[in-house]
2 protein chains.
Amino acid sequence: MTHHELLRELQLKNKSKIVLLVADGLGGLPQQPGGKTELETARTPNLDALATRGVLGLSTPVLPGITPGSGPGHLGLFGYDPLEFRIGRGVLEALGIDFDLGPDDVAIRGNFCTIDSQGIITDRRAGRIGSDIGKALCQKLDQIKILGVEVFVRPVKEYRLVIVFRAAGLGGAVHDTDPQKTGVAPLDPVARNAASQRTADIAREFLAKAREVLKGDAPANFFTMRGIDKRPSIPTFEEVYGLRPAAIAVYPMYRGLARLVSMNVLDAGQTLADQCARLEAAWNDFDFVFMHYKYTDSTGEDGNFAGKVQRLEELDAAIPRITALKPDVLIVTGDHSTPSKMKSHSFHPVPVLLAADNCRTDACTSFGEAQCLQGGLGQFPAKYLMTLGLAHAGRLEKYGA
Amino acid sequence: MTHHELLRELQLKNKSKIVLLVADGLGGLPQQPGGKTELETARTPNLDALATRGVLGLSTPVLPGITPGSGPGHLGLFGYDPLEFRIGRGVLEALGIDFDLGPDDVAIRGNFCTIDSQGIITDRRAGRIGSDIGKALCQKLDQIKILGVEVFVRPVKEYRLVIVFRAAGLGGAVHDTDPQKTGVAPLDPVARNAASQRTADIAREFLAKAREVLKGDAPANFFTMRGIDKRPSIPTFEEVYGLRPAAIAVYPMYRGLARLVSMNVLDAGQTLADQCARLEAAWNDFDFVFMHYKYTDSTGEDGNFAGKVQRLEELDAAIPRITALKPDVLIVTGDHSTPSKMKSHSFHPVPVLLAADNCRTDACTSFGEAQCLQGGLGQFPAKYLMTLGLAHAGRLEKYGA
């Protein structure tokens with residue numbers, strides 16, 4: 001029996017409110033061994049007060065040593081096993097441009113490339129064309145018609161694009177056409193199973209027509225396809241947890257991930273203040289709110305230790321507006337670590353803070369990695385975080401008599 | 001490979017003795033955040049001495065955030081995955097009145113109710129009749145004969161009863177007849193699979209006859225059926241662990257749970273002193289003894305912080321009689337937490353103390369939740385506790401060469 005099957009059985013409805021505040025890439029590393037991490041360096045009096053009255057811990061997003069992307073990182077926080085529910089690259093790219101993927105859609109990440117007169121790839125990124133050129137080419141490709149299929153072509157950034165085929169019954173298992181090197185022709189789209197043969201045929205027809213459309217557009221006179229897939233079939237928050245969920249996220253990718261689990265995606269504005277205002281306005285309409293804060297990750301990716309510290313202090317300053325609403329359970333955590341020392345996502349466990357009236361408090365009095373290691377939640381798989389949230393909200397019946 | 005399959009392979013017999021002392025609902029919460037729990041408040045010099053020479057930890061009975069009932073809580077302590085082995089409500093109720101359920105038995109929890117002349121339920125608990133009335137009605141129902149089936153009807157308390165059908169080959173998968181509300185008739189007993197069709201038919205015949213028997217007995221002129229099930233098929237302690245096990249428990253439910261895993265259930269008397277005397281008398285006859293102490297849970301359920309503290313001190317006072325027997329491994333733990341602040345079972349991890357000559361001692365010098373969080377056993381699923389016990393008793397071979 002999976003934990004989701006168990007939660008479906010045990011879910012209990014009440015009037016409690018749960019807030020999940022995700023500081024993207026929250027976990028960090030000291031600049032020098034023995035020093036303090038970004039979170040430990042930041043002055044965070046509000047988070048420290050929450051840490052004192054709540055309980056801390058460290059979550060493992062996927063498995064020990066595994067660095068998650070944003071997709072698996074968030075699925076884990078949402079309580080979905082990221083090894084069971086996989087999100088294809090094409091799907092994530094579509095979510096990242098706010099494309100509302102439906103159950104009949106196959107999403108594909110495209111890369112504009114340069115081919116020579118023999119059809120051989122000479123540049124896998126088409127000389128890194130500007131976004132304006134990419135956008136214009138996508139508009140041309142979007143005009144291609146294929147019988148019985150809706151086709152959508154959307155620019156992402158520079159040489160990157162998204163292609164979506166929409167038709168009932170399309171399978172999503174088709175191999176990449178990107179050969180991952182120059183000096184060879186793009187591969188044919190080959191189905192990985194019988195249910196995806198039609199998808200492969202559509203892709204082949206689309207590529208043939210696209211080659212005609214783009215033939216005068218060197219350096220971007222063709223494109224390769226990667227991460228061809230449908231969105232995974234994911235049970236909703238309502239089904240599994242009995243929650244009416246909302247998402248307040250500024251960046252499209254996170255809105256898309258929230259939509260995957262059928263959250264209501266609210267207009268988040270542009271700033272943390274906008275997000276707090278939205279939270280206040282929507283407070284009575286939902287049981288669960290996911291708020292996403294991007295800048296702890298982007299400063300980490302930039303290798304900007306001081307910048308990440310500052311962004312954490314900005315986040316801390318927003319906490320009183322959230323606690324003023326008196327959520328029954330407030331969780332502050334990240335989807336993964338992004339140490340500025342590494343300039344990338346990392347595999348390190350992620351700080352977790354859970355504040356609720358009936359939590360078993362530990363000795364921790366500030367929010368940081370070393371304190372979290374001493375915390376009462378211990379180290380646990382991120383997929384159980386929602387279970388802990390529901391438990392502290394009184395939303396689970398006893399298991400067995 | 002499950003841990004049970006592994007233990008069957010690795011089990012080793014020797015002369016060691018293991019005692020598992022379960023203080024029901026052991027874990028707690030402080031009355032005020034930052035305060036001490038019941039266990040931390042209690043003066044427990046003997047347990048503290050054990051904690052100093054042993055190793056502490058915290059166990060998770062089922063999964064993080066899941067509150068267990070007594071059944072799953074104990075199965076976990078006995079080393080059985082409580083998500084794999086499930087115990088139906090009817091079975092637990094039968095165990096709770098010391099009914100010796102066999103493998104051919106289907107057990108049903110019954111609730112006397114009141115129906116009107118149209119057969120519509122007007123009171124789901126028959127005006128909460130006294131236990132004496134319930135007992136008399138059960139004696140009448142116990143006379144009902146059904147061809148090819150042994151029928152047992154036993155009172156539990158007030159409006160609650162247990163019905164057992166005994167016949168070879170009966171399936172246990174039949175839906176409740178309790179509609180969970182008044183103003184409607186009881187439901188028909190419907191089989192959930194083909195193997196349980198005969199059970200459903202028997203239940204229908206029994207209900208028809210019972211309606212005749214009870215027709216003059218308003219307010220208790222009928223009953224509903226819930227939690228219809230057979231006892232799960234559970235491998236024995238002898239098979240999995242190579243242990244000759246005994247149980248010394250005052251309350252029937254815990255004797256029943258011990259019987260489920262084929263422990264020898266000894267006469268426990270009424271008090272902890274009686275239990276200790278029984279332990280001493282039986283010391284040479286068994287390898288493993290489960291002792292159950294109820295009052296830490298019942299005081300917790302009553303919201304009686306001081307009472308739970310006192311019961312813990314009484315338990316502590318009994319420790320020297322147990323240690324005087326020099327068990328090779330002594331484990332003191334609970335099946336779940338019952339914080340008096342919550343007046344119910346809870347999802348919080350459960351304190352564990354394991355004392356043995358070869359344990360890797362930690363820095364802990366008293367038995368309490370905060371110390372357990374720092375303990376050498378860490379936080380671990382309760383189902384591995386038996387493995388730890390066997391290991392410390394030298395009862396497991398090396399795995400692989």
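## Working through the sheet in chain B

Strand β2 (residues 55-60) of chain B runs antiparallel to strand β12 (residues 350-356) of chain B, and five bridges join the two. Strands here are DSSP runs of E, at least two residues long, and helices are runs of H or I, at least four, numbered from the N terminus. This is a predicted model, in which local features need pLDDT of at least 70, side-chain atom pairs count only at pLDDT 80 or more, and totals for chains, interfaces and linings use all residues. Residues are numbered from 1 along each chain as its sequence is written, chains are lettered from A in the order in which they are written, and side-chain values use heavy atoms, without hydrogens and water.

**Exercise 1.** Find the strand order of the open sheet and its edges in chain B.

*Solution.*
- Start with pairing: two strands pair if DSSP finds at least two bridges between them.
- Reading across gives β9-β8-β10-β1-β11-β12-β2-β13 in chain B, eight strands with mixed pairing.
- β9 (264-265) and β13 (379-381) of chain B pair on one side only, so they are the edges, given that pairing takes at least two bridges.

**Exercise 2.** Place helix α4 of chain B on the sheet.

*Solution.*
- Look for contacts, meaning heavy atoms within 4.5 Å.
- Helix α4 (residues 70-77) touches β1 (18-23), β10 (288-293) and β11 (329-333), all of chain B.
- Compare N-to-C directions, using lines fitted to C-alpha atoms (for helices, over the stretch in contact) and angles from 0 to 180 degrees: α4 makes about 155° with β1(B).

**Exercise 3.** Do likewise for helix α10 of chain B.

*Solution.*
- Helix α10 (residues 272-282) lies across β8 (245-249) and β10 of chain B.
- Its direction is at about 175° to β10(B).

**Exercise 4.** Count the helices and strands of chain A, then get its box.

*Solution.*
- Chain A has 14 helices and 13 strands.
- Along the principal axes, its C-alpha atoms fill roughly 70 × 50 × 40 Å.
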